[in-house]
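Student: I should like to learn how to read the features of a structural model. May we work through one together?

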Amino acid sequence: MKDTPINYNIVNEKVKEMNLSSVGKASIREIKRLIDNIEAATGQKYIRMEMGVPGLPPAAIGVEAEIEALKKGVASIYPDIDGIPELKKEISRFVKLFINIDVSPQSCIPTVGSMQACYAAFMTVNRMRKEKNTTLFIDPGFPVHKQQHKVIGIPFENFDVYNYRGNKLKDKLESYLQKGHISCLLYSNPNNPSWICFTDEELKIIGDLANKYDVVVMEDLAYFAMDFRKDYSKPGMPPYQPSVTKYTDNYILFISSSKAFSYAGQRIGMMVISDALFKRNFPDLLRFYASDNFGRAMIFGTVYALSSGTSHSAQYALAAILKAANDGTFNFIEDVKEYGEKARLMKKMFTDNGFKIVYDMDEGEPIADGFYFTISYPGFTGVELLEELVYYGISAISLAITGSERTEGLRACVSLVQRSQFPELEYRLKKFHENH
Ligand SMILES: Cc1ncc(COP(=O)(O)O)c(C=O)c1O
């Protein structure tokens, strides 16, 4: 039996029970289940860094507005598929005040989490033109987006952006786009899992190429304004959340309320389509939809078919949260800054104990401290490292499942780790370092 912080035999037993071909390659939800099982069997708490769930209470303004809406009876009424007018207006204001773009309320659509927004967008955009049926992922990325493609049979291609930062991005992107089969490209910014943030130069390259090849840019802003190196918290004042929208009209934004407003449980997010794209007509859409108009096909074709809109009460919650943020009475960034603070301290604990940060730079600048960071340990692949860390009471996910070429790495999420667990984290990392 090995001298590990968590009982070696129990971990082995629980791993066997889960019948996983490899712990290191397990999905996020499988790792979660495994760790739940080990915690229950040992009574010991893990440093849980596998799942990107908010570690903060939900925005109180939202909860109150939602209770009030429920009391008024909205639960019995189908909301409009494309959202209640109050919310559509506040989304439109939000993108004006925090990104500095003009989008009419019509093109702002609440969805069942931003996850559904992506799903709906992939479905619709890949059916716009017969010849353009493939999504390009600028990786590393969120594994579920690829899962969405697999379950409905939409082809995708991907590359790891690590070696193509700055002006190298142009040739790399163009090598895919010039083939003519790419309908859209997707990246998250800040990026899950690596927390890299694209520079303006990179966003301009993406926007210019989207214009040149008529490709829709899907910008996933799941971690809206959470690059804490800059203060994006002042409505209507620069600096604004960096975005490709400065450089192209060919865009769809996905804005999640899960992390920025800690509202993950109510599954409400936003899809913001540029007015120009919303209005465009594509005859090939008629193969699947009653209308060749993009906005109509999206709303009355795809979103209708998926879920007929999203939870009525949660729309009131989000409308109230956004209104307060837009009016400047609720500084949502202040609430989530704690993630960045924790990341700074935790990264140091890892690097003090022999670990390396895998994605460590945004071009010339050290990467921001935020919701995630990436780690490796000399001599281990990511898969091996994850399998070993489980015996030390530390859980994460392997970068191998994110489309990253840096297969030596793991993604660590800071949200669920409490500051009170820091001494234990430090102890476990020291022990790991000693034993290896
Ligand atoms: C990059 C990225 N996109 C989308 C989502 C999903 O967000 P939502 O909870 O709004 O569906 C997440 C959640 O972790 C994410 O990390």
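Student: Which helix gives the largest share of the shell around the ligand?

Tutor: Helix 5 (residues 113-125) does, with three residues. Helices (H or I, at least four residues) and strands (E, at least two) are DSSP runs, numbered from the N terminus. Residues are numbered from 1 along each chain as its sequence is written. Please note that this is a predicted model: local features need pLDDT of at least 70, side-chain atom pairs count only at pLDDT 80 or more, and totals for chains, interfaces and linings use all residues.

Student: Which residues come nearest to the ligand?

Tutor: A residue is near a molecule or strand if its C-beta atom, placed from the backbone, lies within 6 Å of it. Here 13 residues surround the ligand, and G113, M115, A222, S256 and S258 come nearest.

Student: How many residues of each class does the shell hold?

Tutor: Ala, Val, Leu, Ile, Met, Phe, Trp, Tyr, Cys and Pro count as nonpolar, Asp, Glu, Lys and Arg as charged, and the others, Gly among them, as polar. The shell around the ligand has eight polar, four nonpolar and one charged residues.

Student: Where are cis peptide bonds found, and what is omega there?

Tutor: Most residues other than glycine have a negative phi, and most peptide bonds are trans. In this model a cis bond joins N189 and P190, with omega about -5°; P190 lies in the loop between strand 5 (182-188) and helix 8 (200-213). Another cis bond joins P238 and P239, where omega is also about -5°. P239 belongs to the loop between strand 6 (216-221) and strand 7 (251-256).

Student: Which residue in the loop between strand 5 and helix 8 has a positive phi although it is not a glycine, and is it buried or exposed?

Tutor: A residue is buried if 20 or more other C-beta atoms lie within 10 Å of its own, exposed if 12 or fewer, and partly exposed in between, with C-beta atoms placed from the backbone. The residue is W195, with a phi of about 65°, in that loop. W195 has 26 C-beta neighbours inside 10 Å, so it counts as buried.

Student: What is the corresponding reading for N100?

Tutor: N100 is not a glycine, yet its phi is positive, about 70°. Its place is in the loop between helix 4 (85-99) and strand 2 (108-111). N100 counts as partly exposed because it has 16 C-beta neighbours inside 10 Å.

Student: Why is helix 11 described as largely enclosed?

Tutor: Of its 16 residues, 13 are buried, so helix 11 is largely enclosed by the rest of the structure. Just after helix 11, G328 takes a positive phi of about 80°.
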